[in-house]
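Welcome! Here are some short exercises on backbone geometry and burial, each with a worked solution to follow at your own pace.

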Amino acid sequence: MLQEFGSAAYWLETSHRSPKPAVRGHQEFDVGIIGGGFTGLWTAYHLLQAEPGLKVAVIEREIIGFGASGRNGGFAMTLLDMGLDQLLKNFGAQRASAAHRAVAASVTEIGETTAAEGIDCELRHGGLMVVATNRGQLERVERDLAAAQTMGLDGFERMTADEAQTQVHSPTYVGAMFEADCAVLHPAKLAHGLAELVERMGATIYEGTDVTAMTEAPAPRSTASTKVRIDTPGGSVTVDQVVLATNAWAAQTEWFKRKVVPLYTYVIMTEPLSEEQWDSIGWESHCGIEDKRNFVHYYRRTLDGRILWGGNDGVIHYKGRIAPRHDRNDGVMNGLESSFRRTFPQLSNIRFTHHWGGPVGITINFIPMFGTLLDGRLHYGLGYNGHGVAPSHTGGKILRDKVLGVRSDLTDLCFVDSTEPAFPPEPLCWISAELTRRSLLRQDSNFDAGRGSGEMDPLLLRVMRRLG
Ligand SMILES: Cc1cc2nc3c(=O)[nH]c(=O)nc-3n(C[C@H](O)[C@H](O)[C@H](O)COP(=O)(O)OP(=O)(O)OC[C@H]3O[C@@H](n4cnc5c(N)ncnc54)[C@H](O)[C@@H]3O)c2cc1C
């Protein structure tokens with residue numbers, strides 16, 4: 001068992017910012033962004049970069065970074081779909097490569113913007129080592145490498161078991177792939193730094209403000225176009241256009257209740273390692289590490305010498321419920337601890353000091369969804385399937401173009417304005433999502449036991465086809 005816990009996500013404990021007041025009375029803006037995570041903040045940033053005079057409000061129910069953006073593993077990486085191989089199969093070389101390149105550009109731009117704007121989010125651009133811990137996972141690594149070649153992508157390298165184990169001393173690695181385009185960062189420092197940046201650029205941030213309804217507002221006499229009224233407990237905000245950036249919480253709206261399922265995902269964090277402990281595992285660079293399970297294990301170093309370890313399993317609650325009591329889960333925590341100790345037996349005595357989790361938005365085809373509703377007045381970007389740190393930066397640019405009515409290479413990406421399949425209504429939604437989760441986990445265990453191939457589980461594919 002873990003010996004000691006932080007009361008909140010480590011990131012939110014180690015980054016501080018005074019929240020801004022809630023909406024009071026009646027306010028007017030050009031654009032209202034709902035959700036103060038990376039999607040909302042990057043949208044505000046890109047909009048104000050493009051049009052400095054725009055009146056932009058960011059409206060957050062809790063505090064900036066309260067959602068997945070303040071709680072994640074901090075991997076800014078290119079992952080879309082289940083991996084490059086699936087992305088290629090689903091969209092073909094040209095569209096898959098355009099989507100991958102757009103997110104890879106975001107990994108670089110997050111580094112450039114934070115450096116230029118003085119946001120110290122502890123970003124280290126050390127790449128990503130994708131390790132295989134069994135034959136089935138190794139096949140997946142090979143498929144991704146082949147897909148990278150077909151898509152004409154640079155920056156991917158095959159690593160033998162010896163090379164992987166020399167880099168990071170885990171006896172579990174049977175091979176790996178290194179991808180150059182990945183950075184690790186302190187997510188709450190990024191969210192808080194971005195909030196301060198967009199305020200300096202002219203945005204208004206409201207916190208502690210629950211958006212309870214959005215309705216069409218009558219057009220003022222001077223213009224023919226209608227507006228949208230955003231209702232909150234303390235007042236209302238009228239805007240020309242709305243950006244919905246609430247990710248997993250979007251499942252609580254009529255629009256998205258069958259398009260996005262909230263899945264809780266969890267991490268644990270060690271105490272700071274001693275020098276001897278670091279020597280025992282090597283891992284001198286700040287590369288992030290991920291395996292090729294369906295429910296990946298992902299792990300990274302922090303600047304104060306800890307290891308964050310996440311993944312292993314996820315939890316979907318009936319009717320997609322999101323509640324603070326789900327922010328930790330003892331069963332998942334124990335599974336995380338066991339998998340950590342299997343990977344690094346030399347750290348058998350390490351203590352874990354933190355455990356937390358949060359909801360991410362899962363879509364039926366495992367790629368994000370961007371689009372427009374309400375006759376062009378509401379734009380949404382959500383459903384990153386648990387890896388939105390870099391894609392939300394790309395998403396901010398897509399949403400900027402949508403708000404400004406600009407058609408661009410970004411608004412033509414494969415996950416923009418597509419017709420996403422829907423989950424069935426409850427209770428079938430929960431049952432099918434749970435079946436899918438179990439099927440993915442079963443395939444992970446089969447791989448560990450040396451059974452099965454690197455292809456997706458046939459049962460899962462049947463379930464997904466039926467749902468689609
Ligand atoms: C434990 C964990 C680890 C993860 N690790 C990684 C990782 O290493 N790399 C990676 O790429 N991704 C990771 N992710 C996923 C990543 O964090 C998300 O994809 C990303 O942060 C989504 O950002 P967002 O702004 O779209 O949503 P969120 O950050 O979830 O923000 C949505 C916001 O909307 C607000 N909101 C909801 N409803 C309302 C309302 N009615 N009114 C006002 N505000 C509202 C919420 O309070 C919330 O702050 C992880 C997620 C978790 C939970």
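**Exercise 1.** Leaving aside its neighbours within four places in sequence, which residues is R400 in contact with?

*Solution.* The model you are looking at is predicted. Begin by finding R400, which lies in helix 9. Next, set aside the neighbours within four places in sequence; the contacts of R400 are then T43, H46, L47, A50 and L410. Finally, consider burial: the relative accessibility of R400 is 18%, and buried means under 20%, so R400 counts as buried.

**Exercise 2.** Find the loop that holds E122 and work out the sign of its phi.

*Solution.* Go to the loop between helix 3 (84-116) and strand 4 (128-132), where E122 is found. Now read the backbone angle: phi of E122 is near 55 degrees, a positive value. Most residues other than glycine have a negative phi. As a last step, check accessibility: E122 has a relative accessible area of 16% and is buried.

**Exercise 3.** Is W283 buried or exposed?

*Solution.* Start in the loop between helix 7 (275-281) and strand 13 (288-291), which is the place of W283. The relative accessible area of W283 is 1%, so this residue is buried. While you are there, look at the backbone too: W283 is not a glycine, yet its phi is positive, at about 50 degrees.

**Exercise 4.** Which kind of peptide bond joins E426 and P427?

*Solution.* Locate P427 in the loop between helix 9 (391-404) and helix 10 (428-448). Then read omega for the bond between E426 and P427: the angle is about 5 degrees, and the bond is cis. For context, most peptide bonds are trans.

Key. Residues numbered from 1 in each chain as written. Predicted model: local features only at pLDDT ≥ 70, side-chain atom pairs only at ≥ 80, totals over all residues. Heavy atoms only, no water. Helix = DSSP H or I, 4+ residues; strand = E, 2+ residues; numbered from the N terminus. Buried < 20%, exposed > 50% of the residue type's maximum accessible area, 1.4 Å probe, protein only. Contact = heavy atoms within 4.5 Å.
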